[in-house]
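The following account leads the reader through two topics, pockets and helix packing.

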Amino acid sequence: MQIKPCTLLDDKTISELIEIWDKAVRSSHFFLSEKDIAFFKPLICNQYFKAVKLFVIHDEYNKIAAFLGLSDHMVEMLFVHPAQQGKGYSSALLEFAYTKKGIGRVDVNEENQQGLNFYLNKSYEIIGRDEFDPQRKAFPILH
């Protein structure tokens, strides 16, 4: 499996990334309503993708299967298409962030049990909690 930087954010790439985000969120973020997803989707497309360094893993058909978004100090995004889960992509991306980029910090929605369990199983420890997410919505965030 090869992790590549995603340097071209054209319409096709954004479409693939947002499809993965949408499907992954719907399969793990059960606490989000359709209204919440509709609120976040344009922010993801128009702001968040452009604010991070993106890295991708492609499947055997050269479609993006998983992606990682990094800021200077933190894993900001880690999403895998549900049909591609269980292939080690999340682990590989997280290991890449830590070993190649020196980034070991991550936030996760408290109610995202799947994501929380993943990070806890990777020996991450909860060091803090915010009652609200960065948009001031009542979705507690664990650091």
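Residues are classed here as nonpolar (Ala, Val, Leu, Ile, Met, Phe, Trp, Tyr, Cys and Pro), charged (Asp, Glu, Lys and Arg) or polar (the others, Gly among them). The model is predicted, with local features needing pLDDT of at least 70 and side-chain atom pairs pLDDT 80 or more, while totals for chains, interfaces and linings use all residues. Numbering runs from 1 along each chain as its sequence is written, and side-chain values use heavy atoms, without hydrogens and water.

A pocket is an open set of points on a 1 Å grid over the protein atoms alone, where a 1.4 Å probe fits, with protein on both sides within 12 Å along at least five of seven lines; its lining residues have an atom within 4 Å of a point. The second largest pocket holds about 170 Å³, the space filled by probe spheres set on grid points joined across faces, edges and corners. Its lining comprises S91, L94, E95, Y98, G104, K122, S123 and Y124, that is, three nonpolar, three polar and two charged residues.

The largest pocket contains about 1,100 Å³. Of its 44 lining residues, H29, E76, M77, F79 and N109 lie nearest the centre; by class, 25 are nonpolar, 14 polar and five charged. Strand 4 (a strand being a DSSP run of E, at least two residues; a helix, of H or I, at least four; both numbered from the N terminus) gives the largest share, six residues.

Helix 1 (11-28) and helix 2 (34-51) each supply at least two residues of that lining. Their contacts (heavy atoms within 4.5 Å) include I14, L17 and W21 in helix 1 and I37, F40 and F49 in helix 2, among others. By class, this contact has ten nonpolar, no polar and four charged residues.
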